[in-house]
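Open the model in a viewer and keep the selection tool at hand. The stops below go from the whole chain to single residues.

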Amino acid sequence: GVLARVATTDLRSLPATKCPARHAAVAVDAPRLIVIGGQTQAPNGLPSGGGTADGFFFSTSAGFEQTPSLQLFQGLGRAGHLATMLADGSILVVGGTTAATAPTAEMLEPEAGTGVLRARVLAGPPTVARDRSAMAVLPTNQVLLTGGHTTTPPFTTTSLAEIYFGP
């Protein structure tokens, strides 16, 4: 197989206060992906400020939407999180750095026939709130969440691996 670039865009084409760094992105369908959360970008190009709770769609033909399509994390920003698509088309968003009162995990579920995603807070968050971890969908449609570092002081690395979510 050959890896071919189908589109190039500059994330700075998002609204100035929503240019994400440390965001998560997932392909939703053939022409679209969604960029979820992340921090704004300072003029020097480094991540800065609190995270955003917005989700913006990107299309290979139209670029980024200029207004968010959805808001997650009960309106509280998040950065350094992970997102992955499950077999049923839903998207699991988990982990990262956020306000203590924000949910640890959410599921974005597609509305039948509309292409609209709806956020739902998940009960039973991971044992350890973590940033900079790794996540993989297993053949059983369960999600393996591993490593990273804790999100509250004292910040420590974790070697804990969890099967997060059953089929």
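## Whole chain

About 8,700 Å² of the chain is exposed, and carbon and sulfur atoms supply 58% of that area. The model is a predicted one. Colour by secondary structure: the chain has 18 strands and 0 helices. Next, colour by relative accessibility: of the 167 residues, 40% count as buried. For a contact map, take the contacts with a separation of 6 or more; residues 24 or more positions apart account for 41% of them.

## Stop 1: isoleucine 34

Select isoleucine 34, which lies in strand β2, residues 32-36. Is this residue buried or exposed? Its relative accessible area is 0%, so isoleucine 34 is buried.

Now show what surrounds isoleucine 34. Leaving aside neighbours within four places in sequence, its contacts are Ala24, Ala25, Val26, Val28, Gly55, Phe56, Phe57, Leu70, Ile91 and Leu117. Pick the C-alpha atoms of isoleucine 34 and phenylalanine 56: they are 5.6 Å apart in space, while the two residues are 22 apart in sequence.

## Stop 2: arginine 32 and phenylalanine 57

Move to phenylalanine 57, one of the residues in contact with isoleucine 34. Arginine 32 lies over the face of the phenylalanine 57 ring, at 4.2 Å from the ring centre. A search for aromatic pairs in the structure gives 0.

## Stop 3: histidine 81

Select histidine 81 in the loop between β8 (78-79) and β9 (82-85). With a relative accessible area of 3%, histidine 81 is buried. What does its side chain reach at 2.8 Å? The partner is the backbone oxygen of isoleucine 36.

Expand the selection around histidine 81. Not counting residues up to four places away in sequence, histidine 81 touches Arg22, His23, Ala24, Ile36, Gly37, Gly38, Phe73, Val93, Val94, Gly95 and Gly96. Ala24 in this list is also among the contacts of isoleucine 34.

## Stop 4: the salt bridges

How many salt bridges does a search of the whole structure find? The search finds 3.

Begin with arginine 120 and glutamate 109, whose side chains meet in a salt bridge at 2.9 Å, N to O. Arginine 120 belongs to strand β13 (residues 117-121) and glutamate 109 to strand β12 (residues 105-110), so the pair ties together parts that are 11 residues apart in sequence. Arginine 120 has a relative accessibility of 39% and counts as partly exposed. Glutamate 109, at 28%, also counts as partly exposed.

Next, select arginine 118 and glutamate 111. They form a salt bridge in which the closest N and O atoms are 2.6 Å apart. Arginine 118 is partly exposed, with a relative accessible area of 46%. Glutamate 111 is partly exposed as well, with a value of 30%.

The remaining selection is glutamate 162 with arginine 130, a salt bridge whose closest N and O atoms are 2.5 Å apart. This pair links distant parts of the chain: glutamate 162 is in strand β18 (residues 161-163), arginine 130 is in strand β14 (residues 130-131), and 32 residues separate them. At 11% relative accessibility, glutamate 162 counts as buried. Arginine 130 counts as buried too, at 1%.

## Stop 5: the loop between β15 and β16

Zoom to the loop between β15 (134-137) and β16 (143-146), where proline 139 lies. Why does proline 139 count as exposed? Its relative accessibility is 88%, and the exposed class takes values over 50%. Draw a distance from its C-alpha atom to that of alanine 87: the separation is 9.5 Å, with the residues 52 apart along the chain.

Stay in the loop between β15 and β16 and select asparagine 141. At 18% relative accessibility, asparagine 141 counts as buried, since the buried class takes values under 20%. Proline 139, at 88%, counts as exposed.

Then list the backbone torsions. Most residues other than glycine have a negative phi. Asparagine 141 is not a glycine, yet its phi is positive, at about 70°.

Technical notes. Residues are numbered from 1 along each chain as its sequence is written. This is a predicted model: local features need pLDDT of at least 70, side-chain atom pairs count only at pLDDT 80 or more; totals for chains, interfaces and linings use all residues. Side-chain values use heavy atoms; hydrogens and water are left out. Helices (H or I, at least four residues) and strands (E, at least two) are DSSP runs, numbered from the N terminus. Buried means under 20% relative accessible area, exposed over 50%, partly exposed in between (1.4 Å probe, protein chains only). A polar contact is a pair of N or O atoms within 3.5 Å; within protein, one must be able to donate a hydrogen and the other to accept it, and residues adjacent in sequence count only if both atoms are side-chain atoms. Contact means heavy atoms within 4.5 Å. Accessible areas come from the Shrake-Rupley method with a 1.4 Å probe; for residues, only the protein chains shown count as cover. Rings of Phe, Tyr and Trp (its six-membered ring) pair if their centres lie within 6.5 Å; planes under 30 degrees apart count as stacked, over 60 as edge-to-face and the rest as tilted. A charge sits over a ring if NZ of Lys or CZ of Arg is within 6 Å of the ring centre and within 35 degrees of the ring normal. A salt bridge is a side-chain nitrogen of Lys or Arg within 4 Å of a carboxyl oxygen of Asp or Glu.
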